[in-house]
Amino acid sequence: RAGDAIGQTVQRWAGVELPRVTVGEGADLPAGSAIVLGTLDRLRRVAPEVEAADPAVMGVAFMDEHAFAVVPIRLAGVQRLFVIARAASGVFNGATYVRDFLIDGPRRGLYLQAETVLRSPQMSGRAAYTLTIWGHEARYTAADWERIFDSFARDGFDRIYFWVSGHFPSRKYPQ
């Protein structure tokens, strides 16, 4: 999903499909310039030299799971932009940041602004607001809610709020 955040945007804006490479254990990073997305643990196994190349990369170990570092690093004469986090959610947040703030320009001159960015989004809780459909609450069974709650958990939500004000209609505006 992190690669899609960047790739689909570049495709839509410039009509260019970015090549994607998945680097396995023991393999080297791609030879040319690239945007490299990955967790710190994975990066340590695939390209351990990156951590020593910039102190910002080392700082990722002390960030929360939603935080990320975007770090331009030149190794062996090749410039790459690394989006690194402790967890996949942080990598996704970093890719979204790159898409929203570091990629810009006209269709034929799209560019990537390579700068070091460290961010720790304030996401201590992810909430879902559940609105009830007044007059139809009894149609939902426990199995329905279980499927809904499972989908919330799968998407990383850890709080659910029920908006029940409609169950207490206004005396002034009963409709």
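Trainee: What makes the meeting of the R44 and E51 side chains a salt bridge?

Mentor: The nitrogen-to-oxygen separation of R44 and E51 is 2.9 Å. A salt bridge requires a side-chain nitrogen of Lys or Arg within 4 Å of a carboxyl oxygen of Asp or Glu, so this pair qualifies. D41 joins R44 and E51 in a network of salt bridges. Please bear in mind that this is a predicted model, in which local features need pLDDT of at least 70 and side-chain atom pairs count only at pLDDT 80 or more, while totals for chains, interfaces and linings use all residues. Residues are numbered from 1 along each chain as its sequence is written, and side-chain values use heavy atoms, with hydrogens and water left out.

Trainee: Why is E51 called buried, and why is R44 called partly exposed?

Mentor: Buried means under 20% relative accessible area, exposed means over 50%, and partly exposed lies in between (1.4 Å probe, protein chains only). E51 has 19% and is therefore buried, whereas R44 has 36% and is therefore partly exposed.

Trainee: How many salt bridges does the whole structure hold, and how do you know that R20 and D4 form one of them?

Mentor: The search finds 5. The closest N and O atoms of R20 and D4 are 2.9 Å apart, which satisfies the criterion. This pair links distant parts of the chain, 16 residues apart: R20 is in the loop between α1 (2-14) and β1, and D4 is in helix α1. Helices here are DSSP runs of H or I with at least four residues, strands are runs of E with at least two, and both are numbered from the N terminus. R20 is exposed because its relative accessible area is 52%; D4, at 31%, is partly exposed.

Trainee: How do you know that R99 and D100 form a salt bridge?

Mentor: Their closest N and O atoms are 2.7 Å apart. R99 is partly exposed at 23%, and D100 is partly exposed at 43%.

Trainee: What makes β1 and β6 edge strands?

Mentor: The open sheet has 4 strands in the order β1-β3-β2-β6, with mixed pairing. β1 (34-39) and β6 (117-119) each have a single partner strand, so one side of each lacks a neighbour in the sheet. The twist averages 25° from one strand to the next. Two strands pair if DSSP finds at least two bridges between them; β2 and β6 have 3, in the antiparallel sense, and therefore meet that condition. One of the bridge partnerships joins V70 to V117 in β6.

Trainee: How do you know that the length of helix α5 is close to the expected one?

Mentor: The expected span is 1.5 Å times one less than the number of residues. For the 15 residues of α5 (88-102) that gives 21 Å, and the first and last C-alpha atoms are 20 Å apart. The buried residues of α5 include V91, Y97 and L102.

Trainee: What makes the phi of A76 worth noting?

Mentor: Most residues other than glycine have a negative phi. A76 is not a glycine, yet its phi is positive, about 50°. A76 lies in the loop between β2 (68-75) and β3 (78-85) and is exposed because its relative accessible area is 85%.

Trainee: Where is P106, and why is P106 called exposed?

Mentor: P106 is in the loop between β4 (103-104) and β5 (111-112). Its relative accessible area is 55%, so P106 counts as exposed. The C-alpha atoms of P106 and A14 are 7.9 Å apart, although 92 residues separate the two along the chain.

Note on methods:
Axes fitted to C-alpha atoms, helices over the stretch in contact; angles between N-to-C directions.
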